[in-house]
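I opened this structure for a first look and kept short notes as I went. The entries below follow the order in which I looked things up.

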Amino acid sequence: MITIIGAGKVGGSAALHSAIKQLDDQILLLDIAEGLPQGEAMDLNHLLSEQGIDVEISGSNNYEDMKGSDIVVVVAGAGRKPGMTRMDLLKINAGVVKDVVGNIKKYADNSLIIPVTNPLDPMAYITYKTSGFERNRVFGMGGMLDLSRFKQFIHEATEEDELNRSSRKVIDAIVIGEHGENMLPLTRFAQISGKPLPTIFSQEKLDEIFTKTKNVAAEVIKLKGATVHAPGNAISSMIQSIVEDKKQVMPVSTYLDGEYGYSDVTIGVPAVIGKNGVEKINELDLNQDEKEWFDKGVNSVKSALAGIDI
Ligand code: NAI
């Protein structure tokens, strides 16, 4: 069973994408808001019936119902309002996440946990520490969303250039670092059909793609109040790599123990995701500039955590 804790906008979308991809035959939406998870489950089941998809979605306010879950997504808590950074949510959501993780330990002690609540990297750290789970079993979703935005801006750049027009399918890229102000879309490592991005675009264009990727979430929030579908889909892609044991390399926020030269911090790095969760962390050979960005992200996560009682 897949359990999604937080049946709001992103939780509902994650359930929808996971059901359409038939990642399990049972998906549970859990929330403290009475009626919300039940209503969301009904709405989604109606859609699945019309589609002829045999996945049952249920909604509950009772943590006991998650007993025996294999995968638990934590997307409960407050979201950003226009003008807020992800870090502004820190204190409110730390309490929510600790409470939720206590229940996961109680009812789904063998599960893999995917934290999503923002600020993502500190929440992934709190989840890892308070769960006591092995580090391969806790890995947050943030980088996969940043990556979907990065790929879209690469795609848009190719659209402006007749000789380099390309389908979205042949774009290969990675985003690492903090899911926040210091994220690191690695233009140097991105490729279109095997051709490195820096051989296709000017430095100015690369810088533009980098900056847009970092800032676009705030723009979506300003325009429509929240980001919904892209995160919901990104969560389902991570679940898919687990349940199908795809061993896909994905950016996830996981606990570092010496990798990239850091320990005791949780931040986005590329990792092989399979049935055991994080099966390997890939270390990229970063240049000085990239190391500095990564370092800023690590410092930001560490200083956020310094003010929190874990
Ligand atoms: P939302 O407000 O639509 O839904 C949040 C839900 O959490 C609400 O239904 C609320 O009742 C529930 N909740 C609050 N405390 C709870 C508790 N203790 N136990 C169970 N449920 C509880 O918010 P939305 O837009 O779905 O976002 C949820 C979180 O995900 C936010 O923190 C947001 O910033 C984050 N987010 C993270 C992304 C990422 O890439 N990591 C992307 C998009 C959102």
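I began with Leu-44, and, leaving aside residues up to four places away in sequence, I found that Leu-44 touches Gly-12, Ala-15, Leu-16, Leu-29 and Ile-57. I keep in mind throughout that this is a predicted model.

I then looked up where Leu-44 sits, and found this residue in helix H2, which spans residues 36-51. Is Leu-44 buried or exposed? I noted a relative accessibility of 7% for Leu-44, and because buried means under 20%, Leu-44 counts as buried.

For a longer distance I took Leu-44 with Met-144, which are 100 residues apart in sequence, and I noted 24 Å between their C-alpha atoms in space.

Next I turned to the ligand and asked which residues are closest to it. I found that 30 residues surround the ligand, and that the closest are Lys-9, Val-10, Asp-31, Ala-78 and Met-141. Looking at single atoms, I noted a ligand nitrogen 2.9 Å from a polar backbone atom of Val-116. I also found an oxygen atom of the ligand 3.0 Å from an N or O atom in the side chain of Asn-118, and an oxygen atom of the ligand 3.2 Å from an N or O atom in the side chain of His-179.

Last, I looked at a pair of helices, H3 (residues 90-107) and H4 (residues 120-131), which pack at an angle of about 35° with their axes 9 Å apart, in a crossing that is right-handed. Among the residues that meet there, I wrote down Leu-90, Val-97 and Val-101 from H3 and Met-123 and Ile-126 from H4. By class, I noted 7 nonpolar, 4 polar and 2 charged residues in this contact of H3 with H4.

Note on methods: Residues are numbered from 1 along each chain as its sequence is written. This is a predicted model: local features need pLDDT of at least 70, side-chain atom pairs count only at pLDDT 80 or more; totals for chains, interfaces and linings use all residues. Side-chain values use heavy atoms; hydrogens and water are left out. Axes are lines fitted to C-alpha atoms, for helices over the stretch in contact, and angles run from 0 to 180 degrees between N-to-C directions. Helices (H or I, at least four residues) and strands (E, at least two) are DSSP runs, numbered from the N terminus. A crossing is left-handed if the near helix is turned anticlockwise from the far one by less than a right angle, and right-handed if clockwise. Contact means heavy atoms within 4.5 Å. Ala, Val, Leu, Ile, Met, Phe, Trp, Tyr, Cys and Pro count as nonpolar, Asp, Glu, Lys and Arg as charged, and the others, Gly among them, as polar. Buried means under 20% relative accessible area, exposed over 50%, partly exposed in between (1.4 Å probe, protein chains only). A residue is near a molecule or strand if one of its heavy atoms lies within 4 Å of it. A polar contact is a pair of N or O atoms within 3.5 Å; within protein, one must be able to donate a hydrogen and the other to accept it, and residues adjacent in sequence count only if both atoms are side-chain atoms.
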